[in-house]
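Reader: I would like a close look at the salt bridges of this protein, with attention to where each partner sits along the chain and how far it is covered. Please set the pairs in the context of the whole fold as well.

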Amino acid sequence: MRPLVAATAWAVVSAIAFSTSSAAAKFLGQKLPTAELSFFRAAFGVLLLVGAWRFLVGARKARDPWGHVIRCGLGVVALYGFMHALATLPLALASLLFVTRVLLLPVAARLMLGERSGPAVWIAVTTGFVGAVVSLWPALTLPELRLGIAAALVASISSAGSQVAVRRLTATNPAGLIVLIYTAASVAATLPFAVTGWVAPLPSDWPILAALGGFAVLAQFAAAKAFSWAPVGFLAPLDVLAVPVGAMLGLVLFGEVPTAYDWIGGGLIVIAAFFVNRPGEPRFAAKENIPHKV
């Protein structure tokens, strides 16, 4: 199989798995607290540890502790924000706002790593955020959605910073070790809040919780496979596949019909995302990075 074909196939699997996990979170968001959903989503990531002993051995080799603190802290904030957004916003809108993190990568790289991008990139970033405003316009008139919108934007900003922190860490840490430390940190950070307001899931909720965590793990695995076949610049725009998949699931499962604002704004964001990551532009993460959806 040709590398780019294989990479695209895995990217599609990742987008579908990510959107399916998001749909499960939205379904359960009416029953379970955000903190509890965040914990369950993170807890399934323990499967990536392949045994606690491996984490304990590998942690000794960690370098750049502040880089890990930044990566884990921003990643956990993104996780909480996105789970809350899914519980309160239409699935397509929450996915669309979260995807704007692709546009924020050059901003985060400039602030955190001092990397510079050309004027064309900043024009594309501005265009993408115009698209986000267009998509948000009807929702901003509904007070009950404003907190969810704020949570989605916080998640997007935090996720972009977290991804740039991963790039910094790959200079001194193996990619697998970065994954192990983040997984352990996210479980530890979400557990106390989940326990405080714990709501016992019903027996019928457990298959959906399994989908929430299981598809999240699959999304990360598929993304890692995709990035083993192609560079970030080729694959990053494919992240926007989560938007149409999310819109389809939102329509089928929750009866959410995308508006004209969603289509116009989403189109601008997709165009901007492809432009920011087009061939020839600076790469914002190393090829060997294992990407994360949060």
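Author: A good place to begin is Asp205, which counts as buried because its relative accessibility is 2%, in a model that, it should be said at once, is predicted. Asp205 forms a salt bridge with Lys31, and the closest N and O atoms of this pair are 3.0 Å apart. Asp205 belongs to the loop between helix H9 (175–196) and helix H10 (206–229), while Lys31 belongs to the loop between H1 and helix H2 (34–43), so the salt bridge ties together parts of the chain that lie 174 residues apart in sequence. The two partners are not covered alike: Asp205 is buried at 2%, whereas Lys31, with a relative accessible area of 40%, is partly exposed. As for the chemistry behind such pairs, side chains of opposite charge can pair when their charged atoms come close.

A search of the whole structure finds 2 salt bridges, and the other one joins Glu256 to Lys26, with 3.5 Å between the closest N and O atoms. This pair, too, links distant parts of the chain, since Glu256 is found in the loop between helix H12 (242–254) and helix H13 (260–276), and Lys26 is found in helix H1 (residues 3–28), 230 residues away. Here both partners, Glu256 and Lys26, are buried.

The setting of these pairs is a protein whose secondary structure comes to 13 helices and 0 strands. Of its 294 residues, 52% are buried, and among contacts between residues at least 6 apart in sequence, 90% join residues at least 24 apart. The accessible surface comes to about 12900 Å², and carbon and sulfur atoms account for 75% of that area.

Helix H13, which follows the loop that holds Glu256, also takes part in the packing around another helix, H6. The buried residues of H6 pack against H13 as well as against helix H5 (91–99), helix H7 (119–140) and helix H8 (143–169). Among those buried residues are Arg101, Val102, Leu103, Leu104 and Leu105, and also Pro106, Ala108 and Ala109. Helix H6 (residues 101–113) bends by about 30° at Val107, and just after H6, Gly114 takes a positive phi of about 75°.

Technical notes: Residues numbered from 1 in each chain as written. Predicted model: local features only at pLDDT ≥ 70, side-chain atom pairs only at ≥ 80, totals over all residues. Heavy atoms only, no water. Salt bridge = Lys/Arg side-chain N within 4 Å of Asp/Glu carboxyl O. Helix = DSSP H or I, 4+ residues; strand = E, 2+ residues; numbered from the N terminus. Buried < 20%, exposed > 50% of the residue type's maximum accessible area, 1.4 Å probe, protein only. Contact = heavy atoms within 4.5 Å. Areas by Shrake-Rupley, 256 points an atom, 1.4 Å probe, with all protein chains shown as cover. Bend = angle between axes of the 7 residues up to and from the residue.
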